[in-house]
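Work through the exercises below with the sequence and the model side by side, and try each task before reading its solution.

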Amino acid sequence: MLVTMLSAALVAGCGGIGQDDLRRGGMLYTENCAVCHGGDAQGGGGAGVYGLSKTPPDLTGLSQRNGGAFPVYTTLETLEGYADGGMRGRQMAGFSDLQGKRKKRVRIDRERARTTEQLAALLTYLSTLQRP
Ligand code: HEC
């Protein structure tokens with residue numbers, strides 16, 4: 001819990017990303033992702049998993065699987081692919097909720113990226129869920 005709060009503060013502090021973005025990211029997550037990745041983002045379970053050939057991965061381990069740093073670009077690439085209508089041969093569908101015209105810069109740890117407001121919020125939210 002403390003870690004989550006700390007990293008939320010870090011993200012908020014250096015990226016110009018505020019609590020509103022985090023809240024928005026959390027809502028987008030609940031509406032679009034929780035059904036498969038779980039309310040706690042730890043993967044597996046849930047009705048959405050029915051019929052999938054792969055278990056949705058634990059999204060709190062993205063940093064851990066990337067040597068301790070949140071994988072900003074690869075995660076963004078994955079999500080942008082899905083936002084554009086799904087990725088061929090992949091299990092996740094497209095999410096029109098994540099599309100948008102307004103772009104926003106997001107800065108997580110030392111990495112920066114520019115994407116839609118929705119994805120920036122979602123990415124920020126995901127980065128705060130990472131376990132050390
Ligand atoms: C229909 C179920 C389903 C939904 C809904 C879903 N996912 Fe996934 N997700 C999966 C599965 C299955 C995989 C692993 C296989 C793949 O890559 O297609 C995956 C993979 C991922 C990955 C790559 C993880 C890694 O370790 O490389 C990320 C990031 C991700 N999802 C984030 C999200 C986010 C954010 C949302 C909400 C916008 C979401 N997912 C919604 C099923 C889902």
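Contact here means heavy atoms within 4.5 Å, and helices (H or I, at least four residues) are DSSP runs numbered from the N terminus. This is a predicted model, in which local features need pLDDT of at least 70, side-chain atom pairs count only at pLDDT 80 or more, and totals for chains, interfaces and linings use all residues. Residues are numbered from 1 along each chain as its sequence is written, and side-chain values use heavy atoms, with hydrogens and water left out.

**Exercise 1.** Compare the expected span of helix H6 with the distance between its end C-alpha atoms.

Solution. The expected span is 1.5 Å times one less than the number of residues. For the 12 residues of H6 (residues 117–128) this gives 16 Å, and the end C-alpha atoms lie 17 Å apart, which agrees.

**Exercise 2.** Describe how H5 and H6 cross.

Solution. With axes fitted to C-alpha atoms over the stretch in contact, and angles running from 0 to 180 degrees between N-to-C directions, the axes of H5 (residues 72–83) and H6 come within 11 Å and cross at roughly 135°. That makes H5 oblique to H6, since oblique covers whatever is not under 35 degrees (roughly parallel), over 145 (roughly antiparallel) or 65 to 115 (roughly perpendicular).

**Exercise 3.** Identify which residues of H5 and H6 meet, and place Thr75 among them.

Solution. Val72, Thr75, Leu76, Leu79, Glu80 and Ala83 in H5 meet Leu119, Leu122, Leu123 and Leu126 in H6. Thr75 is buried (under 20% relative accessible area), at 9%.

Key:
Helix = DSSP H or I, 4+ residues; strand = E, 2+ residues; numbered from the N terminus. Buried < 20%, exposed > 50% of the residue type's maximum accessible area, 1.4 Å probe, protein only.
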